[in-house]
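Thank you all for making time this morning. I would like to walk you through one structure, looking at its aromatic rings and then at its open and closed spaces, so please have a look at it before I go on.

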Amino acid sequence: MATKPDTIYFFGTCLVDLMYPQAGVSAMQLIQRAGVKVIFPPAQTCCGQPAWNSGYRDEARSVARAQLALFPKPIPIVIPSGSCAGMMKVHYPELFAGQADEAQALEVASRVSELTEFLVDVLQIELHDLGEPVTVAVHTSCSARREMGVADKIESLLGQLSNVQRVEHARKPECCGFGGTFAVKEPEISAAMVLDKVTHIRNTGVDRLISQECGCLMNIGGAMAKQGDAIPHQHIAEFLWERTGGNAA
């Protein structure tokens, strides 16, 4: 069990910045409420994953290199996304192998934690549910499940909320079809995958969909909206902050 730090860096991700800002704000508020100072480097941009996934190694390295300079202190780097955390923790060492700044990339990668992992394993956060009864379905991203190995952490957090009932849906571990550039390059396959995911989530009859991945939420939520009668969806950080009285504090 890692020692609780006094201060952390927060890497917000592009999708949080542009599409789900409240998820990032809520994540930082949860950490601050636990007594940990949050540093948000204002120069942060993309982690480089889109270029990396598309095979543009030099371009990905250029974008990623700009991020390496943002985290000089030897403190944790917390990321509210299994996908971006996976890029920085798992793929930065490969991306910078043989480069002059390989050692720096390895050091930065060693300090990366996905948000739910950090809340559970490091902060050992205790939650007290103040919300009305609600049923939720959980979607864990491929990166959170396979690269970061933290798929169970979101379940642990929701399990502390007494008025939240989790409902399992068929094919829960499967990809939602987003995959970043995959959805652009293979739109027909992506559309079929998300339709399958949406169908099984709808069949549960839940009130809300929860995930720790904004890309998946955007894809699944967008597909639902296009079909009409969309189920509300939220990032786990925003949901936890809301359920534990943060909005009223």
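Tyr 92 and Phe 96 are both buried, and I should say at once that this is a predicted model. A pair of aromatic rings is described by the distance of the centres and the angle of the planes. A search of the whole structure finds four aromatic pairs, and one that I would like you to find is formed by Phe 11 and Phe 71, which meet edge-to-face, with 6.3 Å from centre to centre and 65° between the planes. These two residues are 60 residues apart and the pair links distant parts of the chain, since Phe 11 lies in the loop between strand 1 (7-10) and helix 1 (14-18), while Phe 71 lies in the loop between helix 4 (57-68) and strand 3 (77-79). Phe 11 has a relative accessible area of 0% and is therefore buried, and Phe 71, at 2% relative accessibility, counts as buried too. Coming back to Tyr 92 and Phe 96, their ring centres are 5.8 Å apart and their planes stand at 75°, so this pair is edge-to-face. Ring pairs also join Tyr 9 to Phe 11 and Phe 71 in a cluster.

A ring can have a charge over it as well: the charged end of Arg 57 sits over the ring of Trp 52, at 3.9 Å from the ring centre.

Let me turn to the pockets. Which residues lie nearest the centre of the largest pocket? They are Gln 49, Ser 83, Phe 178, Gly 179 and Gly 180, out of 27 that line this pocket, whose volume is about 630 Å³. Helix 12 gives the largest share of that lining, namely four residues, and by class the lining of the largest pocket has 14 nonpolar, twelve polar and one charged.

The second largest pocket has a volume of about 190 Å³, and among the 15 residues lining it, Gly 12, Thr 13, Asp 17, Phe 40 and Gln 44 are the closest to its centre. Helix 1 and helix 2 (21-33) are the elements that give two or more residues to this lining, with the largest share, four residues, coming from helix 2.

Finally, there is one cavity of 30 Å³ or more, and the residues that line it are Val 138, Glu 155, Arg 166, Val 167, Glu 168, His 169 and Lys 172, which divide into two nonpolar, one polar and four charged.

Conventions: Residues are numbered from 1 along each chain as its sequence is written. This is a predicted model: local features need pLDDT of at least 70, side-chain atom pairs count only at pLDDT 80 or more; totals for chains, interfaces and linings use all residues. Side-chain values use heavy atoms; hydrogens and water are left out. On a 1 Å grid over the protein atoms alone, a cavity is a set of points where a 1.4 Å probe fits but cannot get out, and a pocket is an open set with protein on both sides within 12 Å along at least five of seven lines; lining residues have an atom within 4 Å of a point. Grid points are joined across faces, edges and corners, and a volume is the space filled by probe spheres set on the points. Ala, Val, Leu, Ile, Met, Phe, Trp, Tyr, Cys and Pro count as nonpolar, Asp, Glu, Lys and Arg as charged, and the others, Gly among them, as polar. Rings of Phe, Tyr and Trp (its six-membered ring) pair if their centres lie within 6.5 Å; planes under 30 degrees apart count as stacked, over 60 as edge-to-face and the rest as tilted. Buried means under 20% relative accessible area, exposed over 50%, partly exposed in between (1.4 Å probe, protein chains only). A charge sits over a ring if NZ of Lys or CZ of Arg is within 6 Å of the ring centre and within 35 degrees of the ring normal.
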